[in-house]
Amino acid sequence: MQKLVERIDFIQITPDADIAALRHGGRAKCLQRLIRLDLPVPRTVALSFDAVHRIAQGQMPDVAALLALFGAAPLVSVRPSSEDPDWGGPGAILNIGMNDTRHAALCDSHGEAAANALYLRFIQAYAIHVARLDPDMFEVEAEAGSDAALRAALDAYQEETDGPFPQDPARQLGEVLRSMARAWEGTTARLLRQAKGAPADAGLGLVVQEMALGLGPEESGSGLIQFVDGETGQRRITGRYLGQSQGRAAMTGREGTLFLTRDARGPALEDRCPDIFAQLKRYGDTCRINLREEMQIEFTIESGQLRVLDAVRVARRARGAVRIAVMLADEGIIPREEALARIEPRAVSELLHSQVDPAGPRHAIAHGIAASPGGATGRLVFGSAAAQASAARGEPCILVRRETTPEDIRGMHAAAGVMTERGGMTSHAAVIARGLGVPCVVGVSDMRLDLRDWVLVTADGHRLHEGDIITIDGTRGQALLGEVKMLPPALDDAFQALMGWAEAACDIGIRANADTPADAQTARRFGADGIGLCRTEHMFFDADRLTVMREMIFAAGPQDRASVLERLLPMQRADFIRLFEIMQGLPVCIRLFDPPLHEFLPQSREGVRELAEALSLPLSDVSRRVQALSEFNPMLGMRGVRLGITVPEIYDMQVRAIFEATIEASVKGDPVVPEIMIPLVSAMREVELVKTRIDALAAAVRTERGVDFDYRLGVMVETPRAALRADDIAQHAAFLSFGTNDLTQMTYGLSRDDAGRFMGSYVKQGVFAEDPFHTLDTEGVGELLIIGAERGRRARPDVVLSICGEHGGNAESISFCRQAGFDYVSCSPFRVPVARLAAAQLALADRRPGK
């Protein structure tokens with residue numbers, strides 16, 4: 001015989017009641033905790049997720065029995081209780097149970113004005129949110145406490161529904177419960193909460209609570225209080241109190257609203273009701289210590305008696321969250337491990353850059369991909385030369401391009417922010433901007449850059465010219481019209497403390513991709529364990545070096561190339577010495593020259609003419625050389641190790657500069673063991689050829705200088721073949737660094753600069769779960785990483801494994817690398833704190849009991 005299970009639709013919240021956040025929601029569980037702490041919480045009943053779901057389907061609980069728990073003629077409120085408060089829910093409805101009879105009784109006990117206001121509020125809420133009537137019909141012109149206003153609302157309800165306002169409290173409550181349950185399960189509500197991270201089938205609980213009226217004789221009113229600033233995390237009592245009010249009316253700015261603490265701007269609750277204010281402060285301390293969190297308390301005073309209606313976690317920005325977590329840990333309320341776990345790694349990015357104030361007004365004129373976080377305001381410029389000129393005048397500028405190329409690097413250095421019409425998360429503009437810490441928005445498809453008329457046209461018809469002021473929000477992926485309010489970076493003592501705890505917990509190395517001394521200093525400031533990728537080609541785009549590079553490209557033969565490159569040698573040596581000095585003995589991995597030579601040549605007719613004049617060559621010769629170096633698919637053409645083998649003079653110059661810098665830097669400071677990385681390898685023989693020349697150069701420099709030094713040679717694994725043949729390659733490599741940007745491109749057959757045009761549609765339709773250039777594809781690209789790691793370690797057990805693509809800063813990628821046994825990840829300097837915190841959280845999660 002099947003056993004019948006008793007169906008429990010509701011339960012009164014008591015200290016011992018079986019209340020769980022996973023069944024009844026976070027609000028119900030929090031109220032139980034407040035009751036256990038002896039806070040004056042009005043009687044409350046919780047309805048479970050299952051009960052609310054049944055209500056939505058038409059299966060009502062015994063509403064009369066539920067109301068009976070509150071005694072005779074109760075007034076109650078209903079509030080939502082989702083598993084996570086951030087998922088939201090229907091708005092609260094107060095004063096359920098108000099009818100003509102109760103109104104008459106309240107007129108005698110609380111006065112006609114208070115009774116009218118209570119009844120009117122309920123009629124308005126019921127009509128709009130339950131009966132779904134036109135809100136405009138219930139906007140009364142008379143004062144809320146007047147008899148005329150109440151009569152007008154009752155008449156409007158009867159006119160719209162062809163029936164009188166419901167008088168039965170059980171019917172009122174039942175209809176409220178049904179309305180809230182169905183609203184939660186509606187399509188709009190589901191999409192809204194899914195956008196906040198809730199699962200599609202997330203449940204809703206409801207709490208029915210005895211009303212604390214907040215209106216009537218003696219001191220009565222409602223208010224909110226919190227004890228920290230959610231923006232900064234600093235200790236500060238904020239909130240408001242409004243006499244003769246209910247709910248959150250105190251926060252609407254109505255006349256008569258009081259400050260909480262003594263304030264020169266007006267009267268305060270601390271002066272009017274010092275005992276109640278002292279009680280609230282004690283309750284704040286009680287919540288912080290026992291709930292282990294900073295809480296915002298919603299309270300009501302009824303005839304001089306304080307009631308706590310609810311307490312929720314103080315809403316906070318990233319900088320506030322960090323300071324609050326650190327303060328709670330310093331006070332011994334939570335362990336440091338929990339403080340680390342409470343901070344979302346991606347949110348740390350907000351602390352490292354100036355940010356557009358989220359509370360300020362904004363007029364968005366274009367939308368794209370948030371490629372590099374932070375905010376910047378400046379004058380529009382459409383070219384790198386204009387950006388450099390603007391910087392020289394001391395005027396911040398926003399560089400706008402269709403897409404950037406290596407020629408734009410100097411302009412990107414000079415600009416306060418960058419925006420491109422094309423591109424994705426790993427496009428040239430995105431990668432360089434993240435490395436520079438410059439706000440960047442890419443793939444802005446709803447703008448058009450007209451370089452013929454030098455105008456930027458937005459989707460809403462704005463025509464912006466060079467010199468017009470805009471703001472870009474690289475955190476949200478928006479361009480804003482004009483100047484807006486900004487928040488400064490927050491690299492304060494709380495941030496430093498959190499990063500120190502993260503470093504102590506971290507069990508995988510976090511290095512930085514750094515191409516310049518400024519990048520290296522940023523990496524050091526953020527606690528990087530070294531440089532995992534120094535892209536040397538970025539050093540050649542300064543004006544004096546670019547001219548020499550172009551002379552080398554037009555040299556007649558190997559000897560002439562070597563002669564020209566000798567002029568670059570001291571510049572490269574000085575670059576490396578500075579990097580070694582800044583890193584103070586920490587590892588520095590230098591990638592040899594990677595891009596195709598055509599990237600150093602002008603593409604425009606005017607640029608070719610200027611180059612011909614600079615080199616004193618016929619225009620036709622220069623044009624032919626530029627055309628000869630152009631490739632159908634440069635990404636897969638003459639670049640990386642292929643260039644190093646066919647034009648070896650470039651690598652010879654770079655390697656000599658590295659060795660000479662090693663000697664000089666080691667004499668001045670900490671011993672240096674440079675790591676030299678060969679890019680775009682696909683065959684063991686490529687490594688053998690380059691290694692032979694490097695070893696020979698090392699021997700020559702040792703002999704010339706009479707000084708011994710050590711170095712480590714490794715390979716950047718960017719091609720699928722290199723991953724598959726890692727056992728061969730590792731025989732000649734001390735380390736294998738997987739360049740996941742190019743490896744993803746080659747695995748998918750996708751251009752990272754063009755994928756942004758359709759990637760959103762692909763993700764939306766489920767072709768890809770995520771943009772593979774943003775989140776590491778652990779199934780496809782990840783399998784190549786595992787194959788490469790296993791085969792490399794099989795051939796050479798001590799080979800060092802790492803990734804150095806943009807994926808290195810993502811928590812998902814770090815988790816994958818830890819599980820695969822990688823030694824470190826490398827990311828842009830401004831993502832080092834993000835990666836460090838993510839790695840620390842993963843390490844701490846693995847150490848928990850039961851893991």
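Colleague: In this predicted model, how far apart, N to O, are the side chains of R511 and E675 in their salt bridge?
Modeller: R511 sits in strand β23 and E675 in strand β26, so the pair links distant parts of the chain, 164 residues apart. Both R511 and E675 are buried, each being under 20% relative accessible area. Their side chains meet in a salt bridge, and the N to O distance is 2.9 Å.

Colleague: Which residues are joined into one network by salt bridges that share partners?
Modeller: A search of the whole structure finds 63 salt bridges. Some of these share partners, and one network built in that way consists of R292, E293, R313, R316, E338 and R342.

Colleague: How many residues apart in sequence are the parts that R235 and E331 tie together?
Modeller: R235 forms a salt bridge with E331, with the closest N and O atoms 2.6 Å apart. R235 belongs to strand β7, while E331 is in the loop between α12 and α13, so the pair ties together parts whose separation in sequence is 96 residues. R235 is partly exposed at 36% relative accessible area. E331 is partly exposed too, at 41%, and the separation asked for is 96 residues.

Colleague: Where does R402, the salt-bridge partner of E421, lie?
Modeller: The closest N and O atoms of E421 and R402 are 3.8 Å apart, and the two form a salt bridge. E421 lies in the loop between β15 and α17, and the parts that the pair ties together are 19 residues apart in sequence. R402 is partly exposed at 33% relative accessibility; its place is the loop between β14 and α16.

Colleague: Is helix α26 largely enclosed by the rest of the structure or largely open?
Modeller: Helix α26 covers residues 649-668, and at 1.5 Å a residue its 20 residues should span 28 Å. Its end C-alpha atoms are 29 Å apart, which agrees. Of the 20 residues, 16 are buried, so α26 is largely enclosed.

Colleague: Which residues lie nearest the centre of the second largest pocket?
Modeller: The second largest pocket has a volume of about 1,100 Å³. Elements that each supply at least two residues of its lining include α17, β24 and α30. The lining has 49 residues, and those nearest the centre are H428, E599, M635, R752 and D753.

Colleague: Which elements give two or more residues to the lining of the largest cavity?
Modeller: The structure holds 2 cavities of 30 Å³ or more, and the largest has a volume of about 60 Å³. Among the residues that line the largest cavity are S77, R79, Q209 and E210. The elements giving two or more residues to this lining are β3 and β5.

Colleague: Is D162 buried or exposed?
Modeller: D162 lies in the loop between α7 and α8. Its phi is positive, about 60 degrees, although D162 is not a glycine. The relative accessible area of D162 is 73%, and the cut-off is over 50%, so D162 is exposed.

Colleague: What is the phi of A73 near?
Modeller: A73 is in the loop between α4 and β3. At 53% relative accessibility, A73 counts as exposed. Its phi is positive in a residue other than glycine, near 45 degrees.

Colleague: What is the area of the nonpolar surface patch made by F758, Y762 and V767?
Modeller: V767 is in the loop between α31 and α32. With a relative accessible area of 47%, V767 is partly exposed. The patch that F758, Y762 and V767 make has an area of about 240 Å².

Note on methods. Residues are numbered from 1 along each chain as its sequence is written. This is a predicted model: local features need pLDDT of at least 70, side-chain atom pairs count only at pLDDT 80 or more; totals for chains, interfaces and linings use all residues. Side-chain values use heavy atoms; hydrogens and water are left out. Patches are made of residues with over 30% relative accessible area and no salt bridge: like charges are joined within 9 Å, nonpolar side chains (Val, Leu, Ile, Met, Phe, Trp, Tyr) within 5 Å. Accessible areas come from the Shrake-Rupley method with a 1.4 Å probe; for residues, only the protein chains shown count as cover. A salt bridge is a side-chain nitrogen of Lys or Arg within 4 Å of a carboxyl oxygen of Asp or Glu. Helices (H or I, at least four residues) and strands (E, at least two) are DSSP runs, numbered from the N terminus. Buried means under 20% relative accessible area, exposed over 50%, partly exposed in between (1.4 Å probe, protein chains only). The expected span of a helix is 1.5 Å times one less than its number of residues. On a 1 Å grid over the protein atoms alone, a cavity is a set of points where a 1.4 Å probe fits but cannot get out, and a pocket is an open set with protein on both sides within 12 Å along at least five of seven lines; lining residues have an atom within 4 Å of a point. Grid points are joined across faces, edges and corners, and a volume is the space filled by probe spheres set on the points.
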